[in-house]
Amino acid sequence: MKLNLTRFFTVRKVLSLLLICAIAYSTYSIYYKVKYWGFSLSPKAVTDVWTVDAKISFRALGGDVKVSLAVPNDRDGFKILSEEIVAKGYKITQDKINSRVVLEGKDKTGKQNLYYRLSIYDDAQNVALNSLLPAKINRPILSEEETIQMRKIWELSELQKGDKIQKAILAINQEVNNPTMSLILPLDHTAKEFAEKVIQVLAYKRIPARIARTIKLEEGRKTEKPDIMLEAYYDGHWTLYDLNTAKIGLPKNWVIIQRGGVSLLDVKGGEDSTVVFSVLKSVASPLKMAEHRAKAHDELWSYNYSMYTLPVFEQNTLKWLMIFPLAILVVVIMRNVVGVSTMGTFTPMLLAMALVRTGFWPGLICFSVMIALGLVMRALVAKLNLLLVPRISFVVIFVILLIQVLTVVGYRLNYTIVSSAIFFPIIITAWIIERASITWEEEGAVNTLKEILFTFITAVVTYFVISNEYVRHVMFAFNELNLVILFVVMLLGTYTGYRVTELMRFAPLIHKEN
């Protein structure tokens, strides 16, 4: 028995399969752009770009100077957009291993001001590092009183909630005002001393821990002392802890300046050294940040071959082209599914594009006036019995002269409705006038007015679709959706059923049979 392949490979089935493939590809592409390029479905979405300035001040003693400053790195959950160092007369080197910037100068005397600026984005709440394994921890050598206090803290920790590190932090905070606690921690202790004591308590149980210096990303913030947090190695990974509340992780919009290390700033050959951090905030669109995100994820090759690398002028042109397929889909649905008849196949789409430029009501009123005057002039010239080409040429020239007059009048009267005329397609306008005149002569005024009305309705529906800011953004940012529209249009081309207007027309017959 022969297998009838045409039964399985009909046009509609093939197009349906291609549509499914297009949807799958578009879905993956959208996911890819959102994940790796940071695109958003909202045109109003912005990316916060934080600039952290560190001003280093000290007094040089007249000899060689060496300044070492701990700096963040892009392994800390955020990405570095730019890095700048202003230090005239200093040699600049970066220690990537220890995340420090080293500045060296010769024969420096008097007051010195050095600047380090870092722009970061996509803060991810600074997830702790998982890849760096800690060194082996030895238990601290304690006196008899300190050993008793240490055991008491761990006994109290069993009454707390959380993991082992959280319990220890809460227990120390609970006993911090206890007079006996002064044996191992002074009552007037600093945040750094408290953190060092927590590290010692954890070392008693051979749990590695280190200090993490952090800065809150807050507009206009200025501080000389970064906040102190704790980072402990527990259950096979490093975890950040708040020393006051024992909560895990950093709050949103915080940045780690230093992990571990002895000091934040080291100055050799100078005295009275200080470092002041200030924070500024700016915003950028996801499209502008896409290249940086692609580079951060080693996906720059795919971005380089996208249309988002084109100059701004070309991108603005493509923004309009990317919306055309959606406008075409609306026209196809209105003609092939709803069943309306328009003056030309894609005339409503071009009219809708013009309305986007002029504004809805100004453009609609101006276009109506042009069509009305054009029909009057076309009716007058019809009595001259001109040939087809000269007759259409007359209408085109008349439309041009009409646009010229309306534009000048609109400019002088500062009337935007009239000045909007310049944005309408001249040839399309003239063709509508000619088509309407011929239809009027052959089919009567009713059919002509119906076609003009349906043309306006289709143009209005198309206008409200393509004028939406979110729709335009999505169609440009995720232009692979046009591939889906392509196969949807082709599938609509296989539809041979009744249109909505036909169902309405035959409804009386159905009621009569019932």
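The chain holds 17 helices and 13 strands, where helices (H or I, at least four residues) and strands (E, at least two) are DSSP runs numbered from the N terminus. This is a predicted model, in which local features need pLDDT of at least 70, side-chain atom pairs count only at pLDDT 80 or more, and totals for chains, interfaces and linings use all residues. Residues are numbered from 1 along each chain as its sequence is written, and side-chain values use heavy atoms, with hydrogens and water left out.

Of the 514 residues, 42% count as buried; here buried means under 20% relative accessible area, exposed means over 50%, and partly exposed lies in between (1.4 Å probe, protein chains only). Contacts, defined as heavy atoms within 4.5 Å, often link distant parts of the sequence: among those between residues at least 6 apart, 76% join residues at least 24 apart.

A good pair of helices to look at is helix 10 (residues 360–381) and helix 14 (residues 445–466), whose axes come within 13 Å and cross at roughly 160°. Such axes are lines fitted to C-alpha atoms, for helices over the stretch in contact, and the angles run from 0 to 180 degrees between N-to-C directions. Helix 10 and helix 14 are therefore roughly antiparallel to each other, a label for angles over 145 degrees (under 35 is roughly parallel, 65 to 115 roughly perpendicular, and the rest oblique). On the helix 10 side, the contact is made by Phe360, Leu364, Phe367, Ser368 and Leu375, and helix 14 brings Ile452, Phe456, Val460, Tyr463 and Phe464. By class, this contact has 9 nonpolar residues, 1 polar residue and no charged ones. In this scheme Ala, Val, Leu, Ile, Met, Phe, Trp, Tyr, Cys and Pro are nonpolar, Asp, Glu, Lys and Arg are charged, and the others, Gly among them, are polar.

Helix 14 also contains threonine 455, which counts as buried at 2% relative accessibility. Beyond its neighbours within four places in sequence, threonine 455 is in contact with Thr342, Met343, Thr347 and Pro348. Serine 157, in helix 3 (residues 144–157), is likewise buried, at 1% relative accessibility. Leaving out residues up to four places away in sequence, serine 157 touches Lys167, Ala168 and Ala171.

Two loop residues round off the picture. Alanine 246 is not a glycine, yet has a positive phi of about 70°; this alanine sits in the loop between strand 10 (237–241) and strand 11 (254–259) and is buried at 1% relative accessibility. Asparagine 385, also not a glycine, has a positive phi of about 55°. Asparagine 385 belongs to the loop between helix 10 and helix 11 (388–413) and is exposed, with a relative accessible area of 68%.
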